[in-house]
Amino acid sequence: MEDSTIKVHTFEENLLGCPVAFHVMKMKESLFIWIGDQGNFDSLAVAMSTPYNSAPISSSLMGPTADESSCSLASRLSKKIGKQVFASYNISQSDSNLMLYVTQRLIQEMTDKPEYF
């Protein structure tokens, strides 16, 4: 019998002076990741691999189209784990260095606790 449960994982980190919360929901064939510093849910993107291209396709589902942070994050993670990824990046600071640290911290957590991803 297959395990049909959703695994939830939450962790926090202070990155460049910004408290960042990470919420992960692992589902059967996909992953939902919310990252934020204020509890808001302003954007959502999805990315997935296709047999037609080595890079995952991605699309913004919600939020400002000029902000590519969620799409970029979803694409990178989908390529890394080979699953469909829903990503919501909600950091109030628009600092590209912070985005890099957030991504690195998330990848570190994926390495340390792969059962949640």
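This passage describes the pocket, the cavity and the aromatic pairs of a predicted model.

The largest pocket holds about 210 Å³ of space. Its lining is made up of 16 residues, and those closest to the pocket centre are Asp67, Ser69, Tyr89, Ile91 and Gln93. Two elements give two or more residues to this lining, namely strand 6 (84-90) and helix 2 (96-112). Sorted by class, the lining of the largest pocket comprises eight polar, four nonpolar and four charged residues.

Apart from the pocket, the structure contains one cavity of 30 Å³ or more. The space in this largest cavity is about 30 Å³. Residues Ser43, Leu44, Ala45, Ser60, Met62, Pro64, Asp67, Ser70 and Cys71 line the cavity. At least two lining residues come from each of strand 4 (44-50), strand 5 (53-62) and helix 1 (69-81). By class, five residues of the cavity lining are nonpolar, three are polar and one is charged. Asp67 appears in the lining of the cavity and is also among the residues closest to the centre of the largest pocket.

Ser70, one of the residues lining the cavity, is found in helix 1. The relative accessible area of Ser70 is 4%, so this residue counts as buried, the limit being under 20%. Beyond its neighbours within four places in sequence, Ser70 is in contact with Ser43, Leu44 and Ala45, as well as with Ala87, Ser88 and Tyr89. Of these contacts, Ser43, Leu44 and Ala45 also belong to the cavity lining, while Tyr89 is one of the residues closest to the centre of the largest pocket.

The count of aromatic pairs comes to two. Phe11 and Phe22 form a stacked pair, with 4.4 Å from centre to centre and 5° between the planes. Phe11 belongs to strand 1 (residues 7-15) and Phe22 to strand 2 (residues 18-26), so the pair ties together parts that lie 11 residues apart in sequence. Both Phe11 and Phe22 are buried.

The other pair, formed by Phe32 and Phe41, is tilted, with a centre-to-centre distance of 6.4 Å and an angle of 35° between the planes. This pair is called tilted because its angle is neither under 30 degrees, as in a stacked pair, nor over 60, as in an edge-to-face pair. Phe32 has a relative accessible area of 18% and is buried, whereas Phe41, at 41% relative accessibility, is partly exposed.

Methods:
Residues numbered from 1 in each chain as written. Predicted model: local features only at pLDDT ≥ 70, side-chain atom pairs only at ≥ 80, totals over all residues. Heavy atoms only, no water. 1 Å grid on protein atoms, 1.4 Å probe; cavity = no way out; pocket = protein on both sides within 12 Å on 5 of 7 lines; lining within 4 Å. Points joined across faces, edges and corners; volume = space filled by probe spheres on them. Helix = DSSP H or I, 4+ residues; strand = E, 2+ residues; numbered from the N terminus. Nonpolar A, V, L, I, M, F, W, Y, C, P; charged D, E, K, R; others polar. Buried < 20%, exposed > 50% of the residue type's maximum accessible area, 1.4 Å probe, protein only. Contact = heavy atoms within 4.5 Å. Phe/Tyr/Trp six-rings, centres within 6.5 Å; stacked < 30°, edge-to-face > 60°.
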